[in-house]
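Colleague: Hey, got a minute to walk me through this one? I'd like to start with a single residue and work outwards.
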Amino acid sequence: MPEAQDADALVGALLESCCAQVLEAMFFSPVLGPAEPAECRGRPRVAALLHFNGKPSGNLEVDADPGVARALASSFLGLDLSDVSDSQVDEVIAEFANMTCGSALSSLGRVEYFHLETPVVSRPLAYAPAVEGVRRGFLLDGGTLSVCLRVEFGPEE
Amino acid sequence: MALNILIVDDSPAMRAFVRRVMQLSGLGVENYFEAANGAEALEITAVQRLDAILTDINMPVMDGEEFVRHLRSDPDPGAATPVIVVSTDATAHRIRNLLELGASGYLQKPFGPEQLRGEVERVLYAGEETPDA
C-alpha cells in the first residue's frame, strides 16, 4: 500500500507541475493556487476525456468551469472572449488535455512509448468524473479546473 | 530574412497558436501556409518554396512520421526543407525514430516564443551565425 501511495504522490506532483507549465507557457494563464475538486460539484462543466495506449496505457480527464474554459480558449487563440465560439472552446480544451497528458507521460519514469487518442469533449450539466485516478484541482482567473490521470503500467515483463 | 513557413496540424486551434507564437517570437515570417495532415502538406511542398515546416505527429489521413518519410524520399529540392516536429511526446523512442526518418528538430509542448524561435533558428542557421548574432 505505501508503494501505491508513493506512486500516487509522484503522479500528483507531476500533474501539478505539468499543468502549471502548460497553462503558463501556452495559455498565458498562471495557476493562482490549488482548488479542491469537490468545489466543482453541482455546476455545468466543460470536460475532456482522453485515452492513451502503449506502455503505459490509461486515461486523462479534464474538468473545467465553462468560464475558465472560454478564458483559456481566448488566451490560447489570442481572441476576445466574445469572439470565441463554443467549438473553439471544445477544441482548445481538447488541446489542453492532449498537451497535459503528453507532457506528464513524457516526464514519468518507466514510460517506453505511448499513443494519445483524440480527446472527446462533453458538456455535462454537473460535475461527473469519468476517470478514477490521481486528481488535482487548480484555481485560475475566473474559476477552477481539475485534471485526473490514471496510468496502468501492466505486469512487468 | 522573410521566411515562408508551413504549419501542419489537424487542429485549427493549434495552427492558430503556432502562428501567434511565431509572430510573438519576432521571427520575420512573410508567408504562412497551413495543412491539416501530411498529405495536404505534401501538396504544398510540391509547389511552394518553404524555409521551414512545423509538423504535428498524430494526424488523420497521413501522420507526421509518414509525412517526413515521404518528404525526404522525394527527388524534388524541396525535400531538404528543414522539418521541426512539434509534439507533447518527448520519449526517447519517439524522438530517435523521427530524427532517423529525417526530422531536423524537435519542439516539445509546452513551448513559448523563445523556445520556438530558438529551434527555428537552430535548424535554419545550423553551422552559421544567426542574423542577430
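Colleague: Okay, R94(B): buried or exposed?
Modeller: R94(B) is buried, because 21 other C-beta atoms lie within 10 Å of its own, and the cut-off for buried is 20 or more. Keep in mind that this is a predicted model.

Colleague: Got it. Which helix is R94(B) found in?
Modeller: R94(B) sits in helix α4 of chain B, residues 92-101.

Colleague: And what is R94(B) in contact with, leaving aside its neighbours within four places in sequence?
Modeller: Two residues: Y113(A) and D89(B). So one partner comes from chain A and the other from chain B. There's also I57(B), 37 residues away along the chain, with its C-alpha atom 9.9 Å from that of R94(B).

Colleague: Since chain A came up, how many residues of chain A are in contact with chain B?
Modeller: On chain A it's 21 residues, and they meet 19 residues of chain B. The largest share of chain A's side, nine residues, comes from α3(A). At least two residues each come from α1 (2-27), α2 (66-77), α3 (86-107) and β4 (113-116) of chain A.

Colleague: What classes of residue are on that side of chain A?
Modeller: Eleven are nonpolar, seven are polar and three are charged.

Colleague: New topic: the sheet in chain B. What's the strand order?
Modeller: The five strands go β2-β1-β3-β4-β5 in an open sheet, and the pairing is parallel. At the edges are β2 (29-35) and β5 of chain B, each pairing on one side only. On average, neighbouring strands are turned by 20° against each other, direction ignored.

Colleague: What holds strands together, generally?
Modeller: Strands of a sheet pair through backbone hydrogen bonds.

Colleague: And how many bridges join β1 to β2 in chain B?
Modeller: Six bridges link β1(B), residues 3-8, to β2(B), and the two run parallel. As for who faces whom, N4(B) stands opposite N31(B) in β2(B).

Colleague: Last stop, α5(B). What should its twelve residues span?
Modeller: At 1.5 Å a residue, α5(B) (residues 113-124) should span 16 Å, and its end C-alpha atoms are 16 Å apart, so the two agree.

Colleague: Which residues of α5(B) are buried?
Modeller: L116(B), E119(B) and V120(B) are buried there. They cover an arc of only 100° around the axis, which means they're on the same side of α5(B).

Colleague: What do those buried residues pack against?
Modeller: Against α1 (12-25), β3 (52-55), β4 (83-87) and β5 (105-108) of chain B.

Notes. Residues are numbered from 1 along each chain as its sequence is written. Chains are lettered from A and ligands numbered from 1 in the order in which they are written. This is a predicted model: local features need pLDDT of at least 70, side-chain atom pairs count only at pLDDT 80 or more; totals for chains, interfaces and linings use all residues. Two residues are in contact if their C-beta atoms, placed from the backbone, lie within 7 Å. Helices (H or I, at least four residues) and strands (E, at least two) are DSSP runs, numbered from the N terminus. Ala, Val, Leu, Ile, Met, Phe, Trp, Tyr, Cys and Pro count as nonpolar, Asp, Glu, Lys and Arg as charged, and the others, Gly among them, as polar. The expected span of a helix is 1.5 Å times one less than its number of residues. A residue is buried if 20 or more other C-beta atoms lie within 10 Å of its own, exposed if 12 or fewer, and partly exposed in between; C-beta atoms are placed from the backbone. The arc is that of the directions from the helix axis to the C-beta atoms. Two strands pair if DSSP finds at least two bridges between them. Axes are lines fitted to C-alpha atoms, for helices over the stretch in contact, and angles run from 0 to 180 degrees between N-to-C directions.
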